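I opened this structure to look up how some of its parts pack. My notes are below, in the order in which I took them.

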Amino acid sequence: MAQVNVLDHPLIQHKLTYIRKQDTGTKEFRELVDEVATLMAFEITRHLPLEEITVQTPVADAKSYQLSGKKLGVVPILRAGLGMVDGILNLIPTAKVGHVGLYRDPETLRPVEYYSKMPSDIHERELIVVDPMLATGGSAAAALTLLKEKGAQNIKLMCLLAAPEGVKEVQEYHPDIDIYLGALDEKLDDKGYIIPGLGDAGDRLFGTK
């Protein structure tokens, strides 16, 4: 079974507090999500392989290290996942970006796909799938299935918040995929919202309902 990693860095936890607050406005909410995505990307890329090279400093030759050519990709689950992309690209500007469009049917709470666009070399890339909320887990599980069907072989899932039900759903269908969270919350309510959560991430990011 893959790991569930709750990233307890103090800056992530501090910023999540303000993301949760209902009186945080759209502009500040968007900026905070961007910042937390950068911090989480820093943690999720800790394992990237390095190669040793020699560089010339102003003083002498120095043995140093650089990334060893690992190709990365970011795949937001539309629409709320878009709010996390720029934060990751701030740290990894060469990453390619794919998109998966899913919405949750309000009656069945199951995901419905309406769009997907991926890098042509998806099978060569380590993909970070991003969505602020892992609630029922249906959309994330469906997105991960879609990526595997398109040839993805190395995927991680990154969310700001999750409910235990969502984690269980993803693990049931994708036991090979590591999950990275800012926080694991208590449960879902009868409408499929995370408690205590932060409300609807897409509405708060884009100021629309």
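The entries that follow go through helix pairs, a few single residues and two peptide bonds.

**Entry 1: the model**

I note at the start that this is a predicted model.

**Entry 2: helix α3 and its cover**

I began with helix α3, which spans residues 82-91. Which residues of α3 are buried? I found G83, M84, V85, G87 and I88 on the buried list. I then looked up what lies over these buried residues. The cover includes the helices α2 (26-44) and α6 (201-206). It also includes the strands β4 (72-78), β5 (96-97), β8 and β10 (154-162).

**Entry 3: α2 against α3**

Since α2 is part of that cover, I looked at the pair in detail. The axes of α2 and α3 come within 7 Å of each other and cross at roughly 50°. That angle makes α2 oblique to α3, because it falls in neither the parallel, the antiparallel nor the perpendicular range. I recorded the crossing of α2 and α3 as right-handed. From α2, the residues in the contact are V33, D34, A37, T38, A41 and F42. From α3, they are G83, M84, D86, G87, I88, N90 and L91. Sorted by class, the contact of α2 with α3 has seven nonpolar, four polar and two charged residues.

**Entry 4: α4 against α5**

Next I took helix α4 (residues 138-149) and helix α5 (residues 164-173). At what angle do α4 and α5 pack? The angle is about 25°, and the axes are 8 Å apart. I therefore put α4 down as roughly parallel to α5, as angles under 35 degrees count as such. The crossing of α4 and α5 is right-handed. On the α4 side I found G138, A140, A141 and L144, which meet E169, V170 and Y173 of α5. The contact of α4 with α5 comes to five nonpolar, one polar and one charged residues.

**Entry 5: E149**

I stayed in helix α4 for E149. Is E149 buried or exposed? Its relative accessibility is 63%, so E149 counts as exposed, the cut-off for exposed being over 50%. I also checked the distance from E149 to Q171, which is 22 residues away along the chain. Their C-alpha atoms are separated by 17 Å.

**Entry 6: R125**

I went on to R125, in the loop between β7 (111-117) and β8 (126-130). R125 has 8% relative accessibility and so counts as buried, since buried means under 20%. Which backbone oxygen does the side chain of R125 reach? It is that of L72, at 2.7 Å. Leaving out residues up to four places away in sequence, I listed K71, L72, G73, K96, P119 and N154 as touching R125.

**Entry 7: D185**

D185 sits in the loop between β11 (178-184) and β12 (187-188). I have D185 down as buried because its relative accessibility is 9%. A polar atom of the D185 side chain lies 2.9 Å from the backbone nitrogen of G197. Beyond residues up to four places away in sequence, D185 touches R20, L161, A162, P164, I194, I195, P196 and G197.

**Entry 8: two cis peptide bonds**

P196, one of the residues touching D185, led me to a peptide bond. I195 and P196 are joined by a cis peptide bond, with omega about 0°. P196 lies in the loop between β13 (194-195) and α6. I also noted the peptide bond from L78 to R79, which is cis with omega near 5°. R79 is in the loop between β4 and α3.

**Entry 9: T24**

I ended with T24, in the loop between α1 (10-20) and α2. T24 has a relative accessible area of 9% and so is buried. How far apart in space are T24 and R204, C-alpha to C-alpha? I read 8.9 Å, for two residues 180 apart in sequence. Setting aside neighbours within four places in sequence, T24 is in contact with Y18, F29, L32 and R204. As for Y18, the side chain of T24 reaches its backbone oxygen at 2.6 Å.

Technical notes
Residues numbered from 1 in each chain as written. Predicted model: local features only at pLDDT ≥ 70, side-chain atom pairs only at ≥ 80, totals over all residues. Heavy atoms only, no water. Axes fitted to C-alpha atoms, helices over the stretch in contact; angles between N-to-C directions. Helix = DSSP H or I, 4+ residues; strand = E, 2+ residues; numbered from the N terminus. Parallel < 35°, antiparallel > 145°, perpendicular 65-115°, else oblique. Left-handed = near helix turned anticlockwise from the far one by under 90°. Contact = heavy atoms within 4.5 Å. Nonpolar A, V, L, I, M, F, W, Y, C, P; charged D, E, K, R; others polar. Buried < 20%, exposed > 50% of the residue type's maximum accessible area, 1.4 Å probe, protein only. Polar contact = N/O pair within 3.5 Å; in protein donor to acceptor, adjacent residues only side chain to side chain.
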